[in-house]
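Please open the structure in your viewer and keep the selection tool at hand. The stops below go from one element to the next, each with a note on what is there.

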Amino acid sequence: MEIDKAIRESDDRRLKTKYNNAINVIQRTLALYSIEEVAFSFNGGKDSTVLLHLLRAGYFLHKGEQSCSNGSLTFPIRTIYFESNSAFPEINSFTYDTASKYVLQLDIIRSDFKSGLEALLNAKPIRAIFLGVRIGDPTAVGQEQFSPSSPGWPPFMRVNPILDWSYRDVWAFILTCKVQYCSLYDQGYTSIGSIHDTLPNALLCISDSSNNQEKFKPAYMLSDGRLERAGRVKKVSPSICGTAIANVMDNVDSHKSSLLKASAIAVGDEILFGTIEDQLGPSLCKKLHSIGWSVSQIAVLQNDIDSVAEEVERQKASHDMVFVYGGVGPLHSDVTLAGVAKAFGVRLAPDEEFEEYLKQLIGDHCTGDRNEMALLPEGTTELLHHDKLLLPLIKCQNVIILTATNVTELDKEWNCLIELLRSGGLSLMEPYTSKSLTTNLSDLEAAQPLSKLCLEFPDLHIGCYRKSRQGPLIISFEGKDKPRIEAAIESLCKKFHRGAFSEVV
C-alpha cells in the first residue's frame, strides 16, 4: 500500500508515531464494527483528506495483502459529504474528483448536519463515524479518540484517529505521502470554512509591488500551526503578532488606578511533608509588592489534579492574576498542567511550538507523544517568549505557570516577565512602601488603639507580630502613599507616651 510504504521509508520519527497511533485506532474500530456499520465524514479539507488516506491504509492493513489486486484499491467504507451552497467551488470539485478517483461510496446530504445525519442513520445500520477532528478545533473540546455522540444527537460512536495531530503533522503526512489536496491550500488558505467566513491567511501574504497585488505562500509554509485559523473572518485580530505580550495581564488597563490582586499556588507533597521549605512563595510576594500588586494568599496543595483544579478555578475567578509553581514536568507527580486544564474545562493537547522548544532543549529524548511536557491546556494557552529563557512562560488567561524550582530561577523568570510587560506597553502599578516600629507595650495595651488606627487609615495594611513570645511587638505599615504612612505613625505615637515606639531601620 503506497501510503504505508511512504511512511515506513520516511525519516520523520514523530510522523511515524502519529501514523501508527492513528492506524491502531482505525484497526480497533474495524475490529469492533462491521464495514456496514462504519462511515467516514469527508469535507474536502486537509484534515479529512489525511483521514481518507489513513483509512485506506488502515483498511488494507486490516484486511491484508489479498485485498489488493493489480494495484486497484477498492475502498468500501461509506463516505458522507454534507454539500452546502456556501462551500467553496474548489472544495466541491476536489470532493467529487476524490470520490471518483478512489471509488468512494458517497452519500451526499444537502440538509443541515443534524437532521441529515439522523435521516442517514435511520436508513443505514451505521454505528460509528470516522471524523477528521483535531485538538484545537472548536468541536474538539472534551472529545477522546472514541466518544459517543452528544445528548440530543442521533446515537453513534465518534472515532477521531487524528485527534492529537498538529497542523505540522497534517502537512508532514500530505507532503510525505504526496497525496492530492484542495487547490485553495496553495493560495494561502490554512483553514477552510464557508465562502462567508474564510480568507487567505494574512501571515502567508507576499506583497508584490510591481502590480499592487497580494500573493500568498501555500498553507504548508505557515510556521506557527497555532495560527492556522487566522484566516477565519471572525478570528482575525488586528495584532496577531503582539497577542502573547499585549494580553499578558487581562483587563490591566481598567485597573490602573485601583488595587490589583494576585495569589500564588504551590503544588508539591514535598512541601506539605516538610521535606523542603517553600522559598518561592515569599520571594514571589516581595516581587509582586515591588510592582504594586497585593497578594491575598498562598495556597500549598498536594500532588492531586482535582485539588489543583478546584483551587485554580476558585482563585482565577477572584484575582487579577494567579501564579502557579511546582508540579510541572513529565513525572507521575507533575499534575499542575492537568489541574489547570481541568480548571478551564479543557483537555491537555500537544502544543507544536512548545514541543519544538523542548526538542532544542533535550534533543532526541523528546519523542512526540511520549513527551508529556509538550501537552498544554488546549485553546487557552499563550506562550510568552524571551531570549533569556530556554522555555517560554506559560499563560492561561490570568493564570501564569512558573517552571522555576529555586529563587535564582524565579528571579530570571520574573525579570523576563517584567520586560515582556513593559515592552507590551503596559504600565506597572505604584510599588508598595513600608515602615515598621517596635515597642515593649503588651498586646493588651496596643490592641484597642491599633484597632482604631486601622479604621482611621483603611487604605494601609497595618500588621503586628513578634519574632519571639518575649520579644518586642513589631508594627508594620504598608501602602502606596508614603505621607499616609507617616500620618498613621504620627497618629499612633500620639496615643502613647513619648518614647513608646522605635523605628526599625
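Two strands are said to pair if DSSP finds at least two bridges between them. With that in mind, and remembering that this is a predicted model, begin by selecting strand β2, residues 78–82, together with β3; the two pair in the parallel sense over five bridges. Within this pairing, Arg 78 stands opposite Gln 105 in β3. Now add helix α4, residues 89–101, which lies across β2 and β3 and runs at about 165 degrees to β2.

Next, widen the selection to the sheet as a whole, an open sheet of six strands in the order β3-β2-β1-β4-β6-β5, with mixed pairing. Which strands stand at the edges? They are β3 (105–109) and β5 (146–148), and each has a single partner strand, so one side of each is left without a neighbour in the sheet. If you turn the view along the sheet, note that neighbouring strands are turned by 30 degrees against each other on average, direction ignored.

From there, select strand β1, residues 38–41, which pairs in the parallel sense with β2 over three bridges and also, in the parallel sense and over three bridges, with strand β4, residues 128–130. On the β2 side, the bridge partner of Ser 41 is Ile 80, while on the β4 side Phe 40 stands opposite Phe 130. Show the side chains of β1 as well: Val 38 and Phe 40 point one way, Ala 39 and Ser 41 point the other way, and all are buried. This fits a general pattern, since in a regular strand the side chains alternate between the two faces of the sheet.

Leave the sheet now and select helix α6, residues 167–177, with helix α2, residues 13–32; they pack at an angle of about 95 degrees, with their axes 10 Å apart. The two helices are therefore roughly perpendicular to each other. To see where they meet, show Arg 14, Leu 15, Lys 18 and Tyr 19 in α2 against Arg 168, Asp 169, Ala 172, Phe 173 and Thr 176 in α6. By class, this contact has four nonpolar, one polar and four charged residues.

Stay with α6 and ask how many of its residues are buried. Eight of the 11 are, so the helix is largely enclosed by the rest of the structure; among the buried residues are Trp 171, Phe 173 and Ile 174. What covers the buried residues of α6 includes α1 (2–8), α2, α3 (46–63) and α12 (352–362). Just after the helix comes Lys 178, whose phi is positive, near 55 degrees.

Following the chain onward, select Ser 191, which is in the loop between α6 and β7 (205–208). Is Ser 191 buried or exposed? With a relative accessible area of 6%, Ser 191 is buried, and beyond residues up to four places away in sequence it touches Lys 46, Thr 198, Glu 228, Arg 229 and Arg 232.

As a last stop, colour the model by confidence: the protein averages a pLDDT of 85, and 88% of the residues score at least 70. Select residues 65–72, over which pLDDT stays under 50 and for which the model has three contacts beyond four places in sequence. Then select residues 234–258, where the pLDDT is also below 50, although this stretch has 38 contacts in the model beyond near neighbours in sequence. Where pLDDT is low, the predicted coordinates should not be read in detail.

Note on methods: Residues are numbered from 1 along each chain as its sequence is written. This is a predicted model: local features need pLDDT of at least 70, side-chain atom pairs count only at pLDDT 80 or more; totals for chains, interfaces and linings use all residues. Side-chain values use heavy atoms; hydrogens and water are left out. Axes are lines fitted to C-alpha atoms, for helices over the stretch in contact, and angles run from 0 to 180 degrees between N-to-C directions. Helices (H or I, at least four residues) and strands (E, at least two) are DSSP runs, numbered from the N terminus. Angles under 35 degrees count as roughly parallel, over 145 as roughly antiparallel, 65 to 115 as roughly perpendicular and the rest as oblique. Contact means heavy atoms within 4.5 Å. Ala, Val, Leu, Ile, Met, Phe, Trp, Tyr, Cys and Pro count as nonpolar, Asp, Glu, Lys and Arg as charged, and the others, Gly among them, as polar. pLDDT is the predictor's confidence in each residue, from 0 to 100. Buried means under 20% relative accessible area, exposed over 50%, partly exposed in between (1.4 Å probe, protein chains only).
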